[in-house]
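The questions below concern how descriptive terms are assigned in a structural model. Each answer sets a value against its definition.

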2 protein chains.
Amino acid sequence: MIREGIQDVRALAFDVFGTVVDWRSGVARAAQGVLGPYGVETDWGYFADRWRARYEPSMAKVRNGDRSWVKLDVLHRENLVEVLNEFGIDHVEAADTDRLNLAWHRLDPWPDVLGGMHRLKRRYLLAAHSNGNVALLVNLARYAGLPWDVILGAEVCGFYKPDPQSYLRLADLLGLPPSACMMVAAHGSDLRAAAGCGLRTAFVRRPREHGQGPREQVDPTDPFELVVDSFEELADRLEG
Amino acid sequence: MIREGIQDVRALAFDVFGTVVDWRSGVARAAQGVLGPYGVETDWGYFADRWRARYEPSMAKVRNGDRSWVKLDVLHRENLVEVLNEFGIDHVEAADTDRLNLAWHRLDPWPDVLGGMHRLKRRYLLAAHSNGNVALLVNLARYAGLPWDVILGAEVCGFYKPDPQSYLRLADLLGLPPSACMMVAAHGSDLRAAAGCGLRTAFVRRPREHGQGPREQVDPTDPFELVVDSFEELADRLEG
């Protein structure tokens with residue numbers, strides 16, 4: 001039997017980086033591919049970690065109103081320049097920096113993703129609700145074969161997650177009350193903000209998101225309706 | 001050989017009502033299904049025409065700033081109440097009016113659409129760029145099996161076509177210059193506005209859009225790169 005509170009869910013809104021796709025190994029591979037020919041040798045997973053570490057602070061400036069709206073592609077490009085500086089890599093051509101920035105457009109899904117999504121799509125509307133910009137998400141979907149019904153997210157909603165406006169606008173665009181939308185993510189901060197707006201929530205454990213680094217834990221006080229280890233398990237649980 | 005000016009096209013943006021789906025017969029069928037049991041007898045194609053006739057004037061009020069943004073579902077609902085009045089139908093339950101309003105969410109594609117779109121999708125990014133709201137377009141895509149890469153359109157862009165901002169925002173969201181986007185439509189006004197913003201244009205003849213009513217003609221002065229009779233022909237022409 002489907003747990004109370006989720007039987008009215010009509011749409012599943014997915015976080016993408018870390019939840020749907022393995023950004024760390026994809027970005028590490030792309031960085032090696034672009035920077036290796038320059039003679040750079042480093043721990044490429046750590047390079048990806050350091051690039052990703054600039055993601056939250058750079059978006060926070062937009063969320064806080066310290067700078068006006070820019071696409072995530074722009075933030076990624078600025079952050080890449082900073083991380084290249086941090087690693088003392090100062091001789092990369094602009095065209096190669098641009099090319100490396102597109103690493104975020106070509107990332108592999110976790111092994112359970114496609115099978116789970118195709119099952120979930122039979123009963124639910126599947127929406128990408130990521131901080132990635134539309135072009136990034138479209139390219140990622142074509143690269144990875146993600147069967148979205150609709151790509152929404154920060155650029156369409158005009159607010160970066162976890163701004164509450166992002167989740168409320170999502171539900172409005174889907175023509176649904178927030179309680180008919182379930183946010184699916186590997187990150188508690190995303191889900192707690194969604195729950196605060198009345199959305200249902202499903203936490204997906206992605207223990208390898210940060211390689212051997214820290215794993216995100218669910219707190220007993222977290223209000224998530226479901227906690228699962230894969231999209232296949234999510235489909236099992238939602239099928240009751 | 002692909003005609004000069006269109007070899008750089010990366011994305012095809014489609015008008016939907018009339019271009020992708022046959023709204024007239026679908027709406028007529030739905031109207032008969034909902035209103036027939038009330039004892040209403042009329043020319044259901046003409047009923048659909050009269051409902052559709054209120055579409056442009058109702059959007060114009062939003063475009064002109066005479067009223068603030070509302071979804072097309074809301075305009076359709078208001079227009080439906082007016083057309084029911086026009087036909088002297090005054091005893092329809094609100095729930096049935098709501099149900100009939102969803103006729104625009106369930107329309108059949110023209111026979112060449114699915115085959116053509118699947119061919120075009122191999123090489124091009126396919127975007128819905130309709131005045132329909134997101135929920136309407138998502139429901140329509142699921143009903144008809146339309147393989148969109150992304151659903152954009154008026155609600156996401158914040159402007160009803162043919163406002164130039166609608167086409168410029170489309171290109172911006174796709175991360176492409178306007179000249180890399182081709183608008184595909186059965187309506188000259190849509191394409192002329194798109195061309196004025198620097199998009200490429202393809203006119204698709206849909207001689208049965210208005211049943212036995214007037215057919216939209218291409219003027220020799222129209223700037224369209226392509227004029228075709230079907231999405232299959234569009235795929236042929238773009239494959240060069």
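The questions and answers that follow deal with helix packing, strand pairing and symmetry.

This is a predicted model, in which local features need pLDDT of at least 70, side-chain atom pairs count only at pLDDT 80 or more, and totals for chains, interfaces and linings use all residues. Residues are numbered from 1 along each chain as its sequence is written, chains are lettered from A and ligands numbered from 1 in the order in which they are written, and side-chain values use heavy atoms, leaving out hydrogens and water.

Q: Why is H2(B) called oblique to H4(B)?
A: The axes of helix H2 (residues 44-53) and helix H4 (residues 72-86) of chain B cross at roughly 130 degrees and come within 9 Å. Axes are lines fitted to C-alpha atoms, for helices over the stretch in contact, with angles from 0 to 180 degrees between N-to-C directions. Angles under 35 degrees count as roughly parallel, over 145 as roughly antiparallel, 65 to 115 as roughly perpendicular and the rest as oblique; therefore H2(B) is oblique to H4(B).

Q: What makes strand S1 and strand S2 of chain B a pair?
A: Pairing requires that DSSP find at least two bridges between two strands. S1 (residues 11-14) and S2 (residues 125-128) of chain B run parallel and are joined by 4 bridges; Ala13(B) has Ala127(B) as its bridge partner in S2(B). Strands (E, at least two residues) and helices (H or I, at least four) are DSSP runs, numbered from the N terminus.

Q: How do you know that the two copies are related as by a two-fold rotation axis?
A: A turn of 180 degrees and a shift of 0.0 Å along the axis lay chain A on chain B with an RMSD of 0.0 Å, by least squares on the C-alpha atoms of residues with pLDDT of at least 70 in both. The copies are thus related as by a two-fold rotation axis.
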